[in-house]
Amino acid sequence: MKPIHNILASGMMLAGLSVATGAAQAGAFDTGIPGTWSCTGNCGTLGANGVVTASPEGGNYGWIASNTGITGLGPFGGTDGSRLRTGVFSAAAGDDLEFYFNYVTSDGAGYADYAWVRLLDNSLTEVALLFTARTTPGGDTVPGFGLPALNPDVTLSPASTPIIPGGPVWSPLGGYSGACYSTGCGYTGWIGMSYEIAAAGNYVLEFGVVDWSDQIYDSGLAFDGILVGGKPIDPIPEPASLALLGIGLAGLAAMRRRKHA
């Protein structure tokens with residue numbers, strides 16, 4: 001039989017799992033991509049690197065990039081790309097969803113790569129389009145031209161987002177780090193996004209980036225500082241984790257009964 005102190009320890013560890021996982025997401029992805037998130041394509045974490053400075057939260061940030069990506073991921077078309085989704089989390093009506101992002105692209109002119117962030121429900125149906133960026137030779141890179149309008153309740157800071165031009169040096173771009181195809185390549189710098197969640201429910205946050213009409217001169221997206229209602233995302237435990245937590249709590253109750261018998 002498993003010793004009761006081990007059962008108790010397991011229960012306490014599982015009880016603190018969602019808090020610890022959420023804390024890892026509060027700032028800078030210092031321990032890597034959280035285990036409850038799912039990556040399709042090319043994802044990772046970094047500190048200050050090339051043109052992308054440390055996140056406004058300090059330390060590391062999460063990133064996705066289109067190089068070595070997967071075909072068919074873009075909700076608005078395109079070729080290969082990458083997508084990262086959080087685990088399912090709960091939010092109350094009126095909670096503010098906030099994060100920072102930085103779009104980086106080595107592509108320009110007629111090859112308009114793009115990135116996006118969407119709020120999905122727990123069946124992965126879009127609830128709100130929170131951000132788009134798209135390579136453009138002039139004007140604002142965010143929101144992305146020719147893409148669906150952002151949710152009207154989204155606030156971006158700064159509101160004006162012209163590209164900082166040039167061949168961006170950033171390691172997630174792989175062999176295209178430092179390269180620039182024609183006008184429009186560069187990076188946005190860190191931009192803040194805020195959105196008020198309209199209805200209580202369970203949600204998933206989706207980050208994505210896609211090459212438009214070819215698979216060269218790649219693009220990427222950095223992000224950090226993800227908060228819901230002023231707190232880090234707190235993933236809903238999987239049913240198996242809940243069952244193990246129940247076993248741990250039951251063991252604690254049994255120990256207390258024996259102690260008072």
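A residue is buried when its relative accessible area is under 20%, exposed when over 50%, and partly exposed in between. The exercises below apply to a predicted model.

**Exercise 1.** Classify Tyr114 and Trp212 by relative accessibility, and determine how their rings are arranged.

*Solution.* Step 1: Tyr114 has a relative accessible area of 0%, so Tyr114 is buried. Step 2: Trp212, at 27%, counts as partly exposed. Step 3: the ring centres of Tyr114 and Trp212 are 5.9 Å apart and the planes stand at 65 degrees. Planes over 60 degrees apart count as edge-to-face, so this pair is edge-to-face. Step 4: Tyr114 belongs to strand β8 and Trp212 to the loop between β14 and β15; the pair therefore ties together parts 98 residues apart in sequence.

**Exercise 2.** Identify the rings over which Arg134 lies.

*Solution.* Step 1: the charged end of Arg134 sits over the ring of Phe145, 4.7 Å from its centre. Step 2: Arg134 also lies over the face of Trp212, at 4.2 Å from the ring centre.

**Exercise 3.** Establish whether strand β5 (residues 80–85) is enclosed or open, and name its strand partners.

*Solution.* Step 1: 6 of the 6 residues of β5 are buried, so the strand is largely enclosed by the rest of the structure. Step 2: Asp80, Ser82 and Leu84 point one way, whereas Gly81, Arg83 and Arg85 point the other way. Step 3: β5 pairs antiparallel with β1 over 3 bridges, with β4 over 2 and with β14 over 5. Step 4: bridge partners include Thr40 with Arg83, Ile70 with Gly81 and Glu206 with Arg85.

Definitions and conventions:
Residues numbered from 1 in each chain as written. Predicted model: local features only at pLDDT ≥ 70, side-chain atom pairs only at ≥ 80, totals over all residues. Heavy atoms only, no water. Buried < 20%, exposed > 50% of the residue type's maximum accessible area, 1.4 Å probe, protein only. Helix = DSSP H or I, 4+ residues; strand = E, 2+ residues; numbered from the N terminus. Pairing = 2+ DSSP bridges. Phe/Tyr/Trp six-rings, centres within 6.5 Å; stacked < 30°, edge-to-face > 60°. Lys NZ or Arg CZ within 6 Å of the ring centre and 35° of its normal.
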